[in-house]
There are 2 protein chains.
Amino acid sequence: MPADVLPATKRTRLKRAHKRGHYDRETINAILDATPLCHVGYLIDGKPAVTPTIQWREGDHVYWHGSSASRALRNAAGMDVCLTVSLIDGMVLARSAFHHSANYRSVMLYGTATKISDPAVKAEKFKIFVDTLFPGRWDMLRPMTDQEVKATTLLSLPIEEASAKIRAGGPVDDEEDYALPIWAGVVPILQVVGEPEPDPRNLPDLKVPAHASAYTIG
Amino acid sequence: MPADVLPATKRTRLKRAHKRGHYDRETINAILDATPLCHVGYLIDGKPAVTPTIQWREGDHVYWHGSSASRALRNAAGMDVCLTVSLIDGMVLARSAFHHSANYRSVMLYGTATKISDPAVKAEKFKIFVDTLFPGRWDMLRPMTDQEVKATTLLSLPIEEASAKIRAGGPVDDEEDYALPIWAGVVPILQVVGEPEPDPRNLPDLKVPAHASAYTIG
């Protein structure tokens, strides 16, 4: 992944590093919107910790949340964090071990996590969260209670100090290695969404809503 | 994810937190072995950074590597890190926003990253890396050169301070909400491996090796 998969020679590496860096907001947004899974880096007693969680984007910010008792959120609130979103798209098999690589898309966001405390703002953000992932679902749900809003910590991070990296395509081998009889290529990896599995306790005759059957990721 | 997806009530949360923690090595190994993608947390000038990279496990250690020029590796070598492996298995749609969740498997490893400098040991570990992901591939490849070994930094972390968390199954709603006519259930997410895509510069008549066509993830 970013400069950390099997490295190329220095010359190739530099060329690739150039090719792999993307900083335009359209590219960054597309990656953030491709998957809800993110990894938040923060400090616990001065040491790094990385917690997987669910993020969503609204305009120029990403948001994540959890129990107000969460150590990960307590340690991130008001502090420097790094929020990384990554998708692995394939394994790249080259003719030398050295040029093996992975295809991926990733975004790293750095900044100070802001805790959002106003209950009305929190509730509004949770509605956007649900409806971003599952359009129209919020209004179908049992309404959120004040106690539930209170029990939930909401953090946000601006999309400012942000970078995206992408590797795509086949292997890039040393020129002389192309003459070798070694199979090279890409083994694609993708995420797919299965058929929605109804809760056995659903009331009879409830249909799968479009936001569940049409859900996509990746 | 670990205590950070839509939280349940305190009582349910505590019950879940208990259910979600797994510390046996078999569970931890199975998650580490399910995907090569990991996220390494380390410090840059005292601030957290999270870099996606590829990990592999050999016995009681995980390994990762990259260009010797990599800032992520330079900042991790000899320092405290957190290496997290996560797989998202589904979105859990409940009858209230609050009880929405995600199914996932994750492992967090904490410890000091050790840089492995002996070239012979490094080369042996790279062979294990390639053959762990793609059995038998190492011996088919153009051999790794001393210069390539030198240009690659290899780090390891013991599987000691380790924890796994797993959430699986359907939504857990407040008892009174089961009477509501709201579709609830799980939208499964899985990773699949596509047909290997041969490099257009492959020599004629090269067959896709079994380690590429049989590759699995997840």
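**Entry 1: a helix and a sheet**

I began with helix H4 (residues 119-133) of chain A, which lies across S4, S5, S8 and S9 of chain A and runs at about 110° to S4(A). I note here that the model I am reading is a predicted one.

I then looked up the sheet beneath these names, and I found that 4 strands of chain A form an open sheet in the order S4-S5-S9-S8, with antiparallel pairing. Strand S4 (56-58) and strand S8 (114-116) of chain A stand at the edges, and because each has a single partner strand, one side of each is left without a neighbour in the sheet. From one strand to the next, I read a twist that averages 35°.

For one pair in this sheet I went down to the residues: strand S5 (residues 61-67) and strand S9 (residues 152-158) of chain A pair in the antiparallel sense over 7 bridges. Among the partners, I wrote down A:Val62, whose bridge partner in S9(A) is A:Leu157.

**Entry 2: one serine**

Is A:Ser106 buried or exposed? I first located A:Ser106 in strand S7 (residues 101-112) of chain A. I then saw that A:Ser106 has 24 C-beta neighbours inside 10 Å, and since 20 or more are needed, A:Ser106 counts as buried. I also looked up its distance to A:Arg167: the two residues are 61 residues apart in sequence, and their C-alpha atoms are 9.2 Å apart in space.

**Entry 3: where the two chains touch**

Next I turned to the contact between the chains, which takes 89 residues from chain A and 89 residues from chain B. On the side of chain A that touches chain B, strand S11 (residues 185-193) of chain A gives the most, with 9 residues. Sorted by class, that side of chain A has 58 nonpolar, 18 polar and 13 charged residues.

I followed S11(A) across to the other chain, where 2 bridges join S11(A) to strand S11 (residues 197-198) of chain B, and the two strands run antiparallel. Here A:Val186 stands opposite B:Glu197 in S11(B).

**Entry 4: how the copies are related**

How are the two copies related? I found that a rotation of 180° with 0.0 Å of shift along its axis superposes chain A on chain B, with an RMSD of 0.0 Å. The two copies are therefore related as by a two-fold rotation axis. In chain A, the C-alpha nearest the axis belongs to A:Gln191 and is 2.1 Å from it.

Last, I compared the two sides of the contact: 100% of the interface residues of chain A are also interface residues in chain B, so I conclude that the copies meet through the same surface.

Conventions: Residues are numbered from 1 along each chain as its sequence is written. Chains are lettered from A and ligands numbered from 1 in the order in which they are written. This is a predicted model: local features need pLDDT of at least 70, side-chain atom pairs count only at pLDDT 80 or more; totals for chains, interfaces and linings use all residues. Two residues are in contact if their C-beta atoms, placed from the backbone, lie within 7 Å. Ala, Val, Leu, Ile, Met, Phe, Trp, Tyr, Cys and Pro count as nonpolar, Asp, Glu, Lys and Arg as charged, and the others, Gly among them, as polar. Two strands pair if DSSP finds at least two bridges between them. A residue is buried if 20 or more other C-beta atoms lie within 10 Å of its own, exposed if 12 or fewer, and partly exposed in between; C-beta atoms are placed from the backbone. Copies are superposed by least squares on the C-alpha atoms of residues with pLDDT of at least 70 in both. Axes are lines fitted to C-alpha atoms, for helices over the stretch in contact, and angles run from 0 to 180 degrees between N-to-C directions.
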